[in-house]
Amino acid sequence: MADASITDAERARLIDSARRYLRQHKAWRDDEFRVDIRALSDEGNDVVLWGIFLDDERHPAPGGGRSVELHADRSTAEITRELAFQ
Amino acid sequence: MFATRVADSSKKKMSAAHTAGQNRTPAQLAMRRTWPAGSGHVAMRGPRWGLRSAPVHHGVRQGNVDGHAQDGDDSYPRQAGGAAPQQDAPAPAGGATPAGTYATPPDVPTILADTVMAAQLQRAWTDSNPNAPDVPSGSPGSLKREQGGWFLWRRDSHILQNIRVGPGSRDGLPTIVGTRPPDSDIQQVVAWFHTHPNKDSEGYASGPGAGDINWQNAEAKVPGIIMTHAGTVTIPFP
């Protein structure tokens with residue numbers, strides 16, 4: 001794990017929350033995407049995750065595609081914001 | 001602000017960035033983001049150069065990869081795509097390097113510090129209608145259009161050239177796919193660039209996304225420069 005400040009348990013919880021969010025809000029199937037944890041806020045309260053729609057990687061082009069950036073509350077793992085890429 | 005600590009072991013290769021000061025509030029100018037290497041995120045810091053104050057060079061070289069202007073710009077010196085460039089001025093005797101020429105392929109900070117290229121980046125930014133009315137992500141009607149292209153360094157004359165591709169959509173630049181100019185004994189691609197004209201208030205992240213990074217690693221194979229509302233961001237390569 002690249003970041004010792006996020007425990008494996010936290011990481012698993014955050015990714016599970018993001019996967020659940022993407023299934024519910026984007027109607028993505030489990031085999032259509034993966035979730036990466038990207039960064040932690042300065043304050044350590046918020047986490048940025050990327051929901052990578054795998055088809056975007058098969059046909060790379062500059063731009064958003066269907067993948068999204070998710071912000072999560074670290075303490076609750078709740079997804080607080082979804083942003084599109086551009 | 002998000003910063004420094006990253007949990008991801010992403011293979012994406014990027015680590016540093018630069019922020020320019022166009023259309024920024026003092027708070028934005030003071031913003032500092034430092035994403036660590038390998039995170040796929042970039043660091044953004046205060047202005048290194050003033051795009052808005054950069055003079056527009058009348059000898060601007062801008063056009064398509066075939067060497068022809070893409071927007072009817074008469075200031076672009078038309079030439080065959082593979083032809084040797086027209087040199088702005090003869091090199092001075094004694095081996096001195098004239099302004100705007102580079103003895104070796106310039107890196108991204110050097111490109112950003114070049115007033116002619118900075119003006120071209122500003123032009124692309126303006127052309128992308130970054131201040132058009134907000135339209136939420138996923139909704140039709142946005143007047144914003146991503147713009148982009150390439151920076152080439154001429155091996156013979158040592159000048160930098162800027163090549164634009166056609167406009168993209170509000171949140172993508174598919175028009176650049178397949179347009180990478182070839183590296184040859186007369187030219188070398190040193191960077192690609194594009195704009196991110198959409199705002200956070202429209203539901204968009206300002207930095208590079210997976211598409212930008214993956215395409216850069218797969219096709220561009222040079223560093224990327226992105227003009228955003230939060231500043232100028234670079235995607236290092238490799």
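User: In this predicted model, with which side chain does the side chain of B:Thr110 make a polar contact?
Analyst: In this predicted model, B:Thr110 is placed in helix H2 (residues 108-113) of chain B. With a relative accessible area of 26%, B:Thr110 is neither under the 20% that marks a buried residue nor over the 50% that marks an exposed one, so B:Thr110 ranks as partly exposed. The polar contact of the B:Thr110 side chain spans 2.6 Å, and its partner is the side chain of B:Asp107.

User: Is B:His229 buried or exposed?
Analyst: B:His229 sits in the loop that links strand S5 (224-228) to strand S6 (231-235) of chain B. The limit for a buried residue is a relative accessible area under 20%, and B:His229 has a relative accessibility of 16%, so B:His229 counts as buried.

User: Which backbone oxygen lies 2.8 Å from a polar atom of the side chain of B:His229?
Analyst: The side chain of B:His229 reaches the backbone oxygen of B:Pro130 at 3.1 Å, so that pair falls within the 3.5 Å allowed for a polar contact. The backbone oxygen found at 2.8 Å from a polar atom of this side chain belongs to B:Pro197.

User: What is the bridge partner of B:Ile226 in S6(B)?
Analyst: S5(B) and S6(B) form a hairpin with two residues between the strands, and they pair in the antiparallel sense over five bridges. Within S6(B), the residue bridged to B:Ile226 is B:Val233.

User: How many of the residues of S6(B) are buried?
Analyst: Across the 238 residues of chain B, 51% count as buried. S6(B) is largely enclosed by the rest of the structure, because the number of its five residues that are buried is five.

User: What pattern does chain B follow along the sequence?
Analyst: The secondary structure of chain B amounts to four helices and six strands. Among its contacts between residues at least 6 apart in sequence, 68% join residues at least 24 apart. Read along the sequence, the pattern of chain B is α-β-α-α-β-β-β-α-β-β.

User: How much of the area that chain B exposes is supplied by carbon and sulfur atoms?
Analyst: Chain B exposes about 9,400 Å². Of that exposed area, the part supplied by carbon and sulfur atoms is 56%.

User: What is the radius of gyration of chain A?
Analyst: Chain A holds two helices and four strands, which run α-β-β-α-β-β from the N terminus on. For its 86 residues the globule rule gives 12 Å, and the value for chain A is close to this, so chain A is as compact as a globular protein of that length, with a radius of gyration of 13 Å.

User: What size of box do the C-alpha atoms of chain A fill?
Analyst: Buried residues make up 53% of the 86 residues in chain A, and residues 24 or more positions apart account for 35% of its contacts with a separation of 6 or more. Taken along the principal axes, the box filled by the C-alpha atoms is roughly 35 × 25 × 25 Å.

User: How far apart are the end C-alpha atoms of helix H1 (residues 8-26) of chain A?
Analyst: Helix H1 of chain A has 19 residues, which at 1.5 Å a residue should span 27 Å. The distance between its end C-alpha atoms agrees with that expectation, at 26 Å.

User: Which strands do the buried residues of H1(A) pack against?
Analyst: The buried residues of H1(A) include A:Leu14, A:Ile15, A:Tyr21 and A:Leu22, and A:Glu10, A:Arg11 and A:Arg19 are also among them. The strands of chain A that these buried residues pack against are S1 (33-40), S2 (46-53), S3 (68-73) and S4 (79-84).

User: Which residue stands opposite A:Asp73?
Analyst: Five of the six residues of S3(A) are buried, so this strand is largely enclosed by the rest of the structure. S2(A) and S3(A) run antiparallel and are joined by six bridges, and the residue opposite A:Asp73 of S3(A) is A:Asp46.

User: Which residue takes a positive phi in the hairpin of S3(A) and S4(A)?
Analyst: S3(A) and S4(A) pair in the antiparallel sense over five bridges, with A:Ala72 standing opposite A:Ile79 in S4(A). The hairpin has five residues between its strands, and the one with a positive phi, near 70°, is A:Ala77.

Note on methods. Residues numbered from 1 in each chain as written. Chains lettered and ligands numbered in written order. Predicted model: local features only at pLDDT ≥ 70, side-chain atom pairs only at ≥ 80, totals over all residues. Heavy atoms only, no water. Expected span 1.5 Å × (residues − 1). Buried < 20%, exposed > 50% of the residue type's maximum accessible area, 1.4 Å probe, protein only. Contact = heavy atoms within 4.5 Å. Pairing = 2+ DSSP bridges. Polar contact = N/O pair within 3.5 Å; in protein donor to acceptor, adjacent residues only side chain to side chain. Rg over C-alpha atoms; globule rule 2.2 N^0.38 Å. Areas by Shrake-Rupley, 256 points an atom, 1.4 Å probe, with all protein chains shown as cover.
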